[in-house]
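Let's take a walk through this structure together, strand by strand and then into its open spaces. Have your viewer ready so that you can follow along.

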Amino acid sequence: MAASYQVDENGRVFTVVDEITTRYWAVITGEATDEIFGALNAPGFVVELVRADLATKALANGLYAITGYPGQSFPQLSTTSYNVDYVLTAPGFRDLPLTVTVPTHAVFPVAAPASAMRRLPVRIQGRVVSGTTRLPISDAVIASVDPATPPAVHVSVLRSPLYFAHASGATAQAVTIGIVGGAGLTGSVTGGDKMLNLSVRTGLAAGSLVRLTSAGGVLLEYGVVDHLGPGSAGAAGQVFLRHALNRSYPVVGTAVDFVDATPTGPGGTLFGDADAGDGVLLASELFGGTVAVESGGALAEFHELGAVSDGNGYYGLDGMGRVQELFLQATQGALQGNVDWFVEYDQPLNLVDFRL
């Protein structure tokens, strides 16, 4: 670089360097993929970062680069490493935050880690009717089953989506539910509430399990008690849960049971990390009935498996994602029907009907 000199112009002093050479680099490069389908095809895929000294370039196929002047962005690179935080985002996918370390004496570009983007879950709903009369069938259970050749990773669908995120390898265990008490709601529950107003709280304490069931069992959720509100347990009062409920429950027509859960059958582990809001469990076992995830821990939650059709034959499953296809089975008594459904992620609502 040539020597610098100063120029005085209109009362201002400028430092001038002739023949300066600067380099604008791709400092980080990476590729995002689709967790389910592999190759990414996401028009609108972008890289978001807050640093004004760095810019980004991204393509719909998931290739991207973060660019800048290394000397300006990483001035002490000979002795110091730097972390660059950014977020991969695309319509129809969950945001994916990443941190890439630019090491000392880095050779540019630095390769970002493999990044699989997770599609936003969709809702599956439909109607169960008689194959002969076309009349609606109520109380049918719509569950996920294994295909003819059972896979290594089994898919179970939940009546209510997960409340917490869980790490890959978290425990999942089939449980048997026993009723040990009950109460009535003295105030309605709105989805997102973490507090119940109950007519009695006898037997409840931190860690107790409460089950709310709508008429016909179409809606059913379990809540783990965090603590009780003021007042004696034998009187009406507030019960605070560890997590917010997904559904709304009216005072009239909602059953509130105090229950316990006894492990039964095989236990398993989750395959891949699970997000709050997922309505599927990818695990080493196929579950039915009721399942506990991370039972005994701070993130413990309990779920019924499969949806139930209402009096008009309608059912719904929220949070469907993580897989290319679902093998769904509707059962009501001796009646049974199966549908192999390839999930349409470009449609937030998938319609799947059954004729039994």
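What you see here is a predicted model. A good place to begin is the lining of the largest pocket, which by class has twelve nonpolar, three polar and four charged residues. That pocket has a volume of about 370 Å³. In total 19 residues line it, and those lying nearest its centre are Val 153, Val 155, Val 323, Gln 324 and Glu 325. If you colour the model by strand, look for S13 (154-157) and S25 (325-332), since each of them supplies at least two residues of this lining. The most comes from S25, which gives three residues.

Now turn to the second largest pocket, which holds about 170 Å³ of space. Its lining consists of 14 residues, and nearest the centre you will find Pro 91, Gly 92, Arg 119, Tyr 345 and Asp 346. Sorted by class, this lining has nine nonpolar, three polar and two charged residues.

There is also an enclosed space to find. The model has one cavity of 30 Å³ or more, and the space in this largest cavity is about 30 Å³. Around it sit Leu 270, Phe 271, Gly 272, Ala 274, Asp 278, Val 280, Leu 281, Leu 282 and Arg 322. Six of these lining residues are nonpolar, one is polar and two are charged. Keep Arg 322 in mind, as this cavity-lining residue will return when we come to the salt bridges.

Next, the strands. Which strands pair with S11? Start with S24 (residues 314-320), which runs antiparallel to S11 (residues 122-129) and is joined to it by five bridges. To place this pairing in your viewer, find Gln 125, whose bridge partner in S24 is Gly 316. S11 also pairs with S27 (residues 349-351), this time in the parallel sense and over three bridges. Here Arg 123 stands opposite Leu 349 of S27. Then there is S28 (residues 354-355), parallel to S11 and joined to it by two bridges. In that pairing Val 128 has Phe 354 of S28 as its bridge partner.

Elsewhere, eight strands form an open sheet with antiparallel pairing, in the order S15-S18-S17-S16-S19-S14-S21-S22. At the edges stand S15 (195-198) and S22 (301-304), each with a single partner strand, so one side of each has no neighbour in the sheet. From one strand to the next, the twist averages 45 degrees. As a general point to carry along while you look, side chains in a regular strand alternate between the two faces of the sheet. For a close look at one pairing, take S14 (residues 171-183) and S21 (residues 290-293), which are antiparallel and share four bridges. Ala 172 faces Val 293 of S21 across that pairing.

Finally, let's follow the charges. In general, side chains of opposite charge can pair when their charged atoms come close. The model contains twelve salt bridges. One of them brings together the side chains of Glu 35 and Arg 322, at 3.5 Å from N to O. Glu 35 lies in the loop between S3 (25-34) and S4 (46-48), while Arg 322 lies in the loop between S24 and S25, so this pair ties together parts that are 287 residues apart in sequence. How accessible are the two partners? Glu 35 is partly exposed, because its relative accessibility is 29%, while Arg 322 counts as buried at 12%. Both also belong to a network of salt bridges that links Glu 35, Arg 94, Arg 118, Asp 273, Asp 275, Asp 278 and Arg 322.

The eight-stranded sheet has a salt bridge to show as well. Arg 211 forms one with Asp 257, and their closest N and O atoms are 3.1 Å apart. Arg 211 is in S16 (residues 209-213) and Asp 257 in S19 (residues 255-269), so the pair ties together parts that are 46 residues apart in sequence. Arg 211 counts as buried at 15% relative accessibility, and Asp 257 is buried too, with a relative accessible area of 15%.

One more pair rounds off the tour: Arg 51 and Asp 53 form a salt bridge whose closest N and O atoms are 2.8 Å apart. Arg 51 counts as partly exposed at 24% relative accessibility, and Asp 53 counts as partly exposed at 33%.

Key:
Residues are numbered from 1 along each chain as its sequence is written. This is a predicted model: local features need pLDDT of at least 70, side-chain atom pairs count only at pLDDT 80 or more; totals for chains, interfaces and linings use all residues. Side-chain values use heavy atoms; hydrogens and water are left out. On a 1 Å grid over the protein atoms alone, a cavity is a set of points where a 1.4 Å probe fits but cannot get out, and a pocket is an open set with protein on both sides within 12 Å along at least five of seven lines; lining residues have an atom within 4 Å of a point. Grid points are joined across faces, edges and corners, and a volume is the space filled by probe spheres set on the points. Ala, Val, Leu, Ile, Met, Phe, Trp, Tyr, Cys and Pro count as nonpolar, Asp, Glu, Lys and Arg as charged, and the others, Gly among them, as polar. Two strands pair if DSSP finds at least two bridges between them. Axes are lines fitted to C-alpha atoms, for helices over the stretch in contact, and angles run from 0 to 180 degrees between N-to-C directions. A salt bridge is a side-chain nitrogen of Lys or Arg within 4 Å of a carboxyl oxygen of Asp or Glu. Buried means under 20% relative accessible area, exposed over 50%, partly exposed in between (1.4 Å probe, protein chains only).
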